[in-house]
Amino acid sequence: MSFESEVSNWKYSNFLINKRTKFSKNNILSILSKNEMDEAYRIISTWDNYSPTPLISLNKLSEKLKINKIFYKDESKRFNLKSFKALGGAYAVEKVSRGNKEIVISTATAGNHGRSVAWGSKKLGLKCKIFISEYVSEFRAKVMRSFGADVIRVKGNYDASLKECIKQSKQNNWQIVQDVAWQNYKLVPKLTMAGYSVMMKEISEQINNEQISHVILQAGVGGMAAAMVAGIARYLDNVPKIIVVEPDSAACVLESVKAGEIKKISIKKESLMGGMSCDEVSLVPWEILKNSVSYCITVSDDYISKTVKFLSNSKFSDEKIVGGECSTPGIISLTGLCNDSKIKNEINLNENSNVLLFGCEGDADEELYQKLLNA
Ligand SMILES: Cc1ncc(COP(=O)(O)O)c(C=O)c1O
């Protein structure tokens, strides 16, 4: 089947309009402030080998979908760590350790956050303990060990790995650097979000005065999505329509937006998009997302391998792109929305639209990436 006829069949699964949308720049910047974001950019931009990741035009896809432009932020190129998470965990490690070489850093992770924390700890000569669930691939564990971290595998899911991390960290007086907030633990997750906001600073300089009309943001616990919303408030002149995309099996932001309060969901089956397979939106992101998200959408795992292949063999753009599983839902959901003429019209997606998508990771899990390419 040709690329054109293939993507013409793609569908989103669920779509929800947020009835409480009321974008308030002041409110957003009171949660993640201009100073916190500026400080993150000031520090991260001095790191060795820092350079903005590419903003690629998916010109072939935009032609197919009859949209003016589709921008794709390619985080596969982020510091050789192959995901945007490089900006968050490592930055938080630097801020919390404040030059103290005796601190032991700990975290629980689905993979990319831990890689960032391990890398950041290694840069600063700190010991690092990383807790992973039974679902995190051995490949990802190996990469974290290669940065000198002790990787501890815990039976059960991500929640179980986080519980164990908290327990052992209390016992041993380790400093937890987590990307998820809970009551009385908000400062460090906010630092990770401030780190992520560097992406939007770069984008604001890469779009050459064009206005973004729609942005699609992947969510796990919502940290990345909320950081991008804060970045929009800080760096963009206009407010695009903000769309959050999640796996069907882990739509914790959609369910919370529907209810108007945080809802913990139960994950029946882990999505292939492992970094997004989360059952509860984090506290700080929720405060930002609840009134700024325009729409929530979910997608199945069915189109992931096709999207990975189309990215790699330049079907969407002039250049080849290495995009892992979590880089696909923006493209899948946008295509699904455009295949539904009623919704497309309702949300003003048309030949004047400039859509921003996030290629959150490259082949961060090389084995899974090869499997998806060859599926
Ligand atoms: C690799 C990866 N991990 C995690 C996430 C989710 O980020 P967060 O948990 O901050 O919402 C994403 C978002 O797409 C991702 O691509």
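**Close-ups of a predicted model**

**View 1. Ser169, a buried serine in a helix.** Ser169 counts as buried because 21 C-beta neighbours sit inside 10 Å, and the cut-off for that label is 20 or more. This is a predicted model, so everything shown in these views is computed from its coordinates. Ser169 belongs to helix α8, which covers residues 158-172. Leaving aside residues up to four places away in sequence, Ser169 touches Ser106, Trp174 and Ile176. For a sense of distance, try Leu124: Leu124 and Ser169 are 45 residues apart along the chain, and their C-alpha atoms are separated by 20 Å.

**View 2. Helix α3 meets helix α9.** Here we have α3 (residues 34-44) and α9 (residues 187-196), with axes that come within 8 Å and cross at roughly 65 degrees. That angle makes α3 roughly perpendicular to α9, since 65 to 115 degrees is the range for that label. As for handedness, α3 passes α9 in a right-handed crossing. On the α3 side, look for Glu36, Met37, Glu39, Ala40 and Ile44; on the α9 side, the partners are Lys190, Ala194 and Gly195. Sorted by class, this contact has four nonpolar residues, one polar residue and three charged residues.

**View 3. Helix α10 against helix α11.** The axes of α10 (residues 198-206) and α11 (residues 223-235) come within 8 Å, and they cross at roughly 45 degrees. With that angle, α10 is oblique to α11. The crossing of α10 past α11 is right-handed. Met199, Met200, Lys201 and Ser204 are what α10 brings to the contact, while α11 offers Met228, Gly231, Ile232 and Tyr235. Split by class, the residues where α10 and α11 meet are five nonpolar, two polar and one charged.

**View 4. Helix α11 again, now with helix α13.** Stay with α11 and bring in α13 (residues 283-292): the two axes come within 9 Å and cross at roughly 60 degrees. So α11 and α13 are oblique to each other. This time the hand is left: α11 passes α13 in a left-handed crossing. From α11 come Gly223, Ala225, Ala226, Val229 and Ala230, and from α13 come Val284, Pro285, Ile288, Leu289 and Ser292. The contact of α11 with α13 has eight nonpolar residues, two polar ones and no charged ones.

**View 5. Stepping back to the whole chain.** How many helices and strands does the chain have? There are 17 helices and eleven strands, and the helices in the close-ups, including α3, α9, α10, α11 and α13, come from that set. Measuring along the principal axes, the C-alpha atoms fill a box of roughly 55 × 45 × 40 Å. The radius of gyration is 19 Å, which agrees with the value near 21 Å for a compact globule of 375 residues. Of those 375 residues, 54% are buried, and Ser169 from the opening view is one of the buried residues. Sequence separation rounds out the picture: take the contacts between residues at least 6 apart in sequence, and 77% of them join residues at least 24 apart.

Key
Residues are numbered from 1 along each chain as its sequence is written. This is a predicted model: local features need pLDDT of at least 70, side-chain atom pairs count only at pLDDT 80 or more; totals for chains, interfaces and linings use all residues. Helices (H or I, at least four residues) and strands (E, at least two) are DSSP runs, numbered from the N terminus. The radius of gyration is taken over C-alpha atoms; the globule rule is 2.2 Å times the number of residues to the power 0.38. A residue is buried if 20 or more other C-beta atoms lie within 10 Å of its own, exposed if 12 or fewer, and partly exposed in between; C-beta atoms are placed from the backbone. Two residues are in contact if their C-beta atoms, placed from the backbone, lie within 7 Å. Axes are lines fitted to C-alpha atoms, for helices over the stretch in contact, and angles run from 0 to 180 degrees between N-to-C directions. Angles under 35 degrees count as roughly parallel, over 145 as roughly antiparallel, 65 to 115 as roughly perpendicular and the rest as oblique. A crossing is left-handed if the near helix is turned anticlockwise from the far one by less than a right angle, and right-handed if clockwise. Ala, Val, Leu, Ile, Met, Phe, Trp, Tyr, Cys and Pro count as nonpolar, Asp, Glu, Lys and Arg as charged, and the others, Gly among them, as polar.
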